[in-house]
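Hi everyone, thanks for making time for this. I'd like to walk you through one structure, so please pull up the picture and follow along with me.

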Amino acid sequence: MNESDCDFMYEALDLAKQAKMKGEVPVGAIVVKSSTIIGRGFNRPIIAADPTAHAEIVALREAARNLGNYRLLDCTIYVTLEPCVMCIGAIFHARISRLVYGAKDPKTGACGSVIHLPAIKQLNHHTSVTEGVLEEETGAVLKNFFSEQRKPIRQENHENQD
């Protein structure tokens, strides 16, 4: 982890906050090539009515459009949450060189938490992985979001007990 990793992760964190404001799970992602952001995305499966509209996929699509190529060679993707199987698969297919993520995802994380796809030698592309960049900050945004989501349920249950 280096200073630029933190700077780029803050950019992804800003996108996660945009997702939260729209009622989506707050995950943000950016794709960087030669120190320039070429793709941005935040979770939007609800807004887009699209189960594939995860932050990583949205950022990869924008980066590919900007480069005019689906192969994103020599690029790094920064994501606030450990990618799921779908997203790490897309990262592999895009030939992303490096993945940097913040918080671990113990329920669907495919980079070590549930399964570790980047470690499978049989796969034809390998992406280096740096985990835990701004882990506390990225994790806090997610924890706060889910805590706020459960708050009305807790209040409703409390009211029903009275």
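Let's begin with a puzzle: how do the residues of the lining of the second largest pocket divide into nonpolar, polar and charged? Keep that in your head for a moment. Before we get there, please remember that what you see is a predicted model.

Okay, pockets. How do we find them at all? Rolling a probe the size of a water molecule over the atoms shows where empty space is left. For the second largest pocket, that space comes to about 160 Å³. Its lining includes Val-25, Val-27, Asn-43 and His-54, and you can also pick out Cys-84, Cys-87 and Asp-105 there. So, back to the puzzle: that lining has 6 nonpolar residues, 3 polar ones and 3 charged ones.

Now go to the largest pocket, with a volume of about 390 Å³. It has 15 lining residues, and the ones nearest its centre are Lys-104, Asp-105, Pro-106, Leu-142 and Phe-146. You may recall Asp-105 from a minute ago, since it is also on the list for the second largest pocket. Which helix gives the largest share of the lining here? That's helix α5, residues 135-161, with 7 residues. By type, the lining of the largest pocket splits into 6 nonpolar, 2 polar and 7 charged.

On to charges. Side chains of opposite charge can pair when their charged atoms come close. In this structure there are 4 salt bridges, and I'll show you some of them.

Try Lys-20 and Glu-148, whose side chains form a salt bridge at 3.5 Å, N to O. This pair connects distant parts of the chain, with Lys-20 in helix α1 (residues 3-21) and Glu-148 in helix α5, 128 residues apart. Buried or exposed, or something in between? Lys-20 is partly exposed, because its relative accessible area is 27%. Glu-148 also lands in the partly exposed group, because its value is 42%.

Next, find Asp-50 and Arg-61, a salt bridge at 3.9 Å, N to O. Asp-50 sits in the loop between α2 (45-48) and α3, while Arg-61 is in helix α3, so this bridge ties together parts 11 residues apart in sequence. Arg-61 has a relative accessible area of 39%, so we call it partly exposed.

The other one I want to show is Glu-131 with Lys-104, at 3.1 Å, N to O. Here both partners are in loops: Glu-131 between β5 and α5, Lys-104 between β4 (98-103) and β5, so the bridge ties together parts 27 residues apart in sequence. Glu-131 is partly exposed because its relative accessibility is 43%, and Lys-104 is partly exposed because its own is 37%. And yes, Lys-104 is one of the residues nearest the centre of the largest pocket.

While you're on Glu-131, look across to Gly-112, in the loop between β4 and β5. Their C-alpha atoms are 9.6 Å apart, with their positions 19 residues apart along the chain. Gly-112 is partly exposed, because its relative accessible area is 40%.

Now a bit of backbone. Most residues other than glycine have a negative phi, and most peptide bonds are trans. So which residues should catch your eye here? One is Asp-74, with a positive phi near 60°. You'll find Asp-74 in the loop between α3 (55-67) and β3 (75-81). Another is Leu-134, also not a glycine, with a positive phi of about 55°. Leu-134 is in the loop between β5 (128-130) and α5.

Is each of these two buried or exposed? Asp-74 is exposed, because its relative accessible area is 60%. Leu-134 is buried, because its relative accessible area is 10%.

Last stop, the surface. Val-85, Val-114 and Ile-115 make up a nonpolar patch there, and together they have about 250 Å² of accessible area. Val-85 belongs to helix α4, residues 85-93. Val-85 counts as partly exposed because its relative accessibility is 48%.

That's my tour, so go ahead and ask away!

Definitions and conventions
Residues are numbered from 1 along each chain as its sequence is written. This is a predicted model: local features need pLDDT of at least 70, side-chain atom pairs count only at pLDDT 80 or more; totals for chains, interfaces and linings use all residues. Side-chain values use heavy atoms; hydrogens and water are left out. Patches are made of residues with over 30% relative accessible area and no salt bridge: like charges are joined within 9 Å, nonpolar side chains (Val, Leu, Ile, Met, Phe, Trp, Tyr) within 5 Å. Accessible areas come from the Shrake-Rupley method with a 1.4 Å probe; for residues, only the protein chains shown count as cover. Helices (H or I, at least four residues) and strands (E, at least two) are DSSP runs, numbered from the N terminus. Buried means under 20% relative accessible area, exposed over 50%, partly exposed in between (1.4 Å probe, protein chains only). On a 1 Å grid over the protein atoms alone, a cavity is a set of points where a 1.4 Å probe fits but cannot get out, and a pocket is an open set with protein on both sides within 12 Å along at least five of seven lines; lining residues have an atom within 4 Å of a point. Grid points are joined across faces, edges and corners, and a volume is the space filled by probe spheres set on the points. Ala, Val, Leu, Ile, Met, Phe, Trp, Tyr, Cys and Pro count as nonpolar, Asp, Glu, Lys and Arg as charged, and the others, Gly among them, as polar.
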